[in-house]
Amino acid sequence: MSFAEMQEALKTMPKPEFLFRGIKEKSFGIIFGPAKSGKSIFSENLAMSIAVGRKSFLNSKLSGIPKKTLFIGLEEF
């Protein structure tokens, strides 16, 4: 497929639906930062907000439709 064909195909594709600031639905989001900066609390609250169907989180729009979420913390001992 040529680049021009890809551009034309992109025009007909539906726009992706984002759950929160760049995290697309049916994908993974990675939140990283220094230790003890609040990554886990932020991630847990975001996941709970999406799971219960809130309409916003930290002044960013959410869908308001409850969705399944998965939170995996990799820093725990």
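Is Phe-57 buried or exposed at 9% relative accessibility? In this model, which is a predicted one, Phe-57 counts as buried, because its relative accessibility is 9% and buried means under 20% relative accessible area. The report below starts from the aromatic rings around this residue and then turns to the core and the surface.

**Aromatic rings**

The structure holds three aromatic pairs, and a pair of aromatic rings is described by the distance of the centres and the angle of the planes. Two of the pairs, both of which involve Phe-42, are set out here.

| Pair | Centre to centre | Angle between planes | Kind |
|---|---|---|---|
| Phe-20 and Phe-42 | 6.1 Å | 55 degrees | tilted |
| Phe-42 and Phe-57 | 5.6 Å | 55 degrees | tilted |

Phe-20 belongs to strand β1, which covers residues 18–20, while Phe-42 belongs to helix α2, which covers residues 39–52, so their pair ties together parts that are 22 residues apart in sequence. Phe-57, in turn, lies in strand β3 (residues 56–57), so its pair with Phe-42 of helix α2 ties together parts that are 15 residues apart in sequence. Phe-20, Phe-42 and Phe-57 together form one aromatic cluster.

The members of this cluster can also be described by their accessibility. Phe-20 counts as buried because its relative accessibility is 6%, whereas Phe-42, at 25% relative accessibility, counts as partly exposed.

**The nonpolar core**

Which residues make up the largest nonpolar core? This core consists of seven residues, namely Leu-19, Phe-20, Ile-23, Leu-46, Ile-50, Phe-57 and Leu-62, and both β1 and α2 supply at least two residues each. Phe-42 is partly exposed at 25% relative accessibility, and a nonpolar core is a set of buried residues, which means that Phe-42 cannot be counted in it.

The surroundings of Phe-20 add detail to this picture: when residues up to four places away in sequence are not counted, Phe-20 touches Phe-42, Leu-46, Phe-57, Ser-60 and Leu-62.

**A patch on the surface**

At the start of the chain, Met-1 lies in the segment before helix α1, which spans residues 3–12. Met-1 is exposed, because its relative accessible area is 74% and exposed means over 50%. Together with Phe-3 and Met-6, Met-1 forms a nonpolar patch on the surface, and these residues have about 400 Å² of accessible area together.

Note on methods. Residues are numbered from 1 along each chain as its sequence is written. This is a predicted model: local features need pLDDT of at least 70, side-chain atom pairs count only at pLDDT 80 or more; totals for chains, interfaces and linings use all residues. Side-chain values use heavy atoms; hydrogens and water are left out. Patches are made of residues with over 30% relative accessible area and no salt bridge: like charges are joined within 9 Å, nonpolar side chains (Val, Leu, Ile, Met, Phe, Trp, Tyr) within 5 Å. Accessible areas come from the Shrake-Rupley method with a 1.4 Å probe; for residues, only the protein chains shown count as cover. A salt bridge is a side-chain nitrogen of Lys or Arg within 4 Å of a carboxyl oxygen of Asp or Glu. Helices (H or I, at least four residues) and strands (E, at least two) are DSSP runs, numbered from the N terminus. Buried means under 20% relative accessible area, exposed over 50%, partly exposed in between (1.4 Å probe, protein chains only). Rings of Phe, Tyr and Trp (its six-membered ring) pair if their centres lie within 6.5 Å; planes under 30 degrees apart count as stacked, over 60 as edge-to-face and the rest as tilted. A nonpolar core is a set of buried Ala, Val, Leu, Ile, Met, Phe, Trp, Tyr and Cys residues joined through side-chain atoms within 4.5 Å. Contact means heavy atoms within 4.5 Å.
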